[in-house]
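Please read this briefing alongside the sequence and the structure shown here. The points are grouped by topic.

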Amino acid sequence: MNFRNTRITQLLKIKYPILEGGMAWAGTSILAAAVSNAGGLGTIGSGSMDRQLLTQEIKKIKTMTDKPFAVNIMLLNPYAQELVETVIEEKVPCVVFGAGNPAKFLPLLKENNVISMAVVSSENLAVRLERAGIDAIIGEGMESGGHIGDVTTMVLIPKLMDCLSVPLVAAGGIADGRAMAACFALGAQGVQMGTRFLASKECQVHEEYKNKIIKAGIRDTVITGEKLGHSARVIRTKFAKRVCELELDCPDQAEEMLVGSLKRAVVNGDVEEGAFMAGQCIGLIEQVESVKDIIEKTVFHAEKIFCGGQEV
Ligand SMILES: Cc1cc2nc3c(=O)[nH]c(=O)nc-3n(C[C@H](O)[C@H](O)[C@H](O)COP(=O)(O)O)c2cc1C
């Protein structure tokens, strides 16, 4: 097993097969540049951005790295079409779609030599996207932070391996080299991490967000929005528990509480009304480290597990 020469490192022209998961509000150009400079694939999380904001972030990252990077586009964003056009205009090497089926955008991206990937939690969608010409699939298990499906990484990745020919990246619950090695054993050729990068020195989320991750245990997340049709894993707080309680009887009130709640957590560290999206692997993260240390420790440890490589 060679972790530095996989179908994902070849496709994306990166040193290590580690992708930064797109993260609305938290995935800034500064964090993305740090990931790309450390040999992974940094990702600008465009969340609810419009064309102008995304253009600014892309121009900014180009001043910080000359390595490949990606833009994550949420298909729920009403500006998704414009953001795809922006990615093409700005010659961004790669786009990663979240929350839906991006098939209609794939021919245009291919014509313009932009690599396309999509985050999926369902094997049916993955197969449809492979047929539509996607370059790689990111299978995301329900351990992950943010919006989630209903199957674990441990089960989803082998299932996707059985269905797909395009390269596969595993996401959800990966915070160290042990999990990376496990995902490669399941057949993935790359891994995507979100929560682990929140607790990095370069991540600009509020200190309170990072503190919560460091202090939390593996059972300290809850799923909000399950009864509203948009499940999201967040750190257990009074606010998150209240949202869960209201979902059945007062769904409109629960929806209203969730609007803007990730921004409030990221920007203000607002424990009263913020939703601190994070995955179950918070319980495995013990300190804030530099992006370079996170990436190198993860790869070196995974290599050691597989082939007795360098000790960290
Ligand atoms: C704070 C936060 C925000 C996220 N926002 C997005 C997003 O905007 N688009 C997306 O495709 N995935 C989003 N995700 C999911 C991540 O890209 C990634 O797939 C996930 O975090 C991987 O699981 P992990 O958290 O266990 O590492 C988000 C995750 C977190 C923790």
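Helix α2 (residues 29-37) has seven buried residues out of nine, so it is largely enclosed by the rest of the structure; a residue counts as buried if 20 or more other C-beta atoms, placed from the backbone, lie within 10 Å of its own, as exposed if 12 or fewer do, and as partly exposed in between. Helices (H or I, at least four residues) and strands (E, at least two) are DSSP runs, numbered from the N terminus. This is a predicted model, in which local features need pLDDT of at least 70 and side-chain atom pairs count only at pLDDT 80 or more, while totals for chains, interfaces and linings use all residues. Residues are numbered from 1 along each chain as its sequence is written.

**Surroundings of helix α2**

- The buried residues of α2 are Ser29, Leu31, Ala32, Ala33, Ala34, Val35 and Ser36.
- These buried residues pack against β1, β2, α3 (51-64), β3, α9 and α14 (291-307), where contact requires C-beta atoms, placed from the backbone, to lie within 7 Å.
- Just after α2, Gly39 takes a positive phi of about 105°.

**The chain as a whole**

- The protein chain has 14 helices and eleven strands.
- Its radius of gyration is 18 Å, close to the 20 Å that the globule rule gives for 312 residues, so the chain is as compact as a globular protein of that length; the radius is taken over C-alpha atoms, and the rule is 2.2 Å times the number of residues to the power 0.38.
- The C-alpha trace of the protein chain spans about 50 × 45 × 40 Å along its principal axes, and 52% of the 312 residues count as buried.
- Of the contacts in the protein chain between residues at least 6 apart in sequence, 61% join residues at least 24 apart.

**The eight-stranded sheet**

- Eight strands form an open sheet in the order β1-β9-β8-β6-β5-β4-β3-β2, with parallel pairing, two strands being paired if DSSP finds at least two bridges between them.
- The edges are held by β1 (18-20) and β2 (42-45), each with a single partner strand, so one side of each is left without a neighbour in the sheet.
- From one strand to the next the twist averages 25°, with axes fitted as lines to C-alpha atoms (for helices over the stretch in contact) and angles running from 0 to 180 degrees between N-to-C directions.
- At one edge, β2 is joined to β3 by four bridges in the parallel sense, and Thr43 has Ala70 in β3 as its bridge partner.
- Strand β3 is mostly covered, with six of its six residues buried: Phe69, Val71 and Ile73 lie on one side, and Ala70, Asn72 and Met74 on the other.
- At the other edge, β1 pairs with β9 in parallel over three bridges, and the partner of Leu19 is Gln192 in β9.
- Strand β9 also pairs with β8 in parallel over three bridges, one of them matching Val169 with Gly190.
- From β9, Gly190 and Gln192 point one way and Val191 and Met193 the other way, and all are buried.
- Strands β6 (residues 136-140) and β8 (residues 168-171) run parallel and are joined by four bridges, with Ile138 opposite Val169.

**The three-stranded sheet and its helices**

- A second open sheet has three strands in the order β7-β11-β10, with antiparallel pairing.
- Its edge strands are β7 (146-147) and β10 (221-224), each with a single partner strand, so one side of each is left without a neighbour in the sheet.
- Two bridges pair β7 with β11 (residues 232-235) in the antiparallel sense, and His147 stands opposite Ala232.
- Helix α11 lies across β10 and β11, running at about 35° to β10.
- Helices α11 (residues 238-249) and α12 (residues 251-258) pack at an angle of about 145°, with their axes 6 Å apart.
- In that contact, Val243, Leu246 and Glu247 of α11 meet Pro251, Gln253, Ala254, Met257 and Leu258 of α12.

**The shell around the ligand**

- Among the 29 residues around the ligand, Gly21, Gly98, Gly145, Gly194 and Gly279 come nearest; a residue is near a molecule or strand if its C-beta atom, placed from the backbone, lies within 6 Å of it.
- At least two shell residues come from each of β3 (69-74), β9 (190-193) and α9 (195-198).
- The shell has eleven nonpolar, 15 polar and three charged residues, with Ala, Val, Leu, Ile, Met, Phe, Trp, Tyr, Cys and Pro counted as nonpolar, Asp, Glu, Lys and Arg as charged, and the others, Gly among them, as polar.

Technical notes. Two residues are in contact if their C-beta atoms, placed from the backbone, lie within 7 Å.
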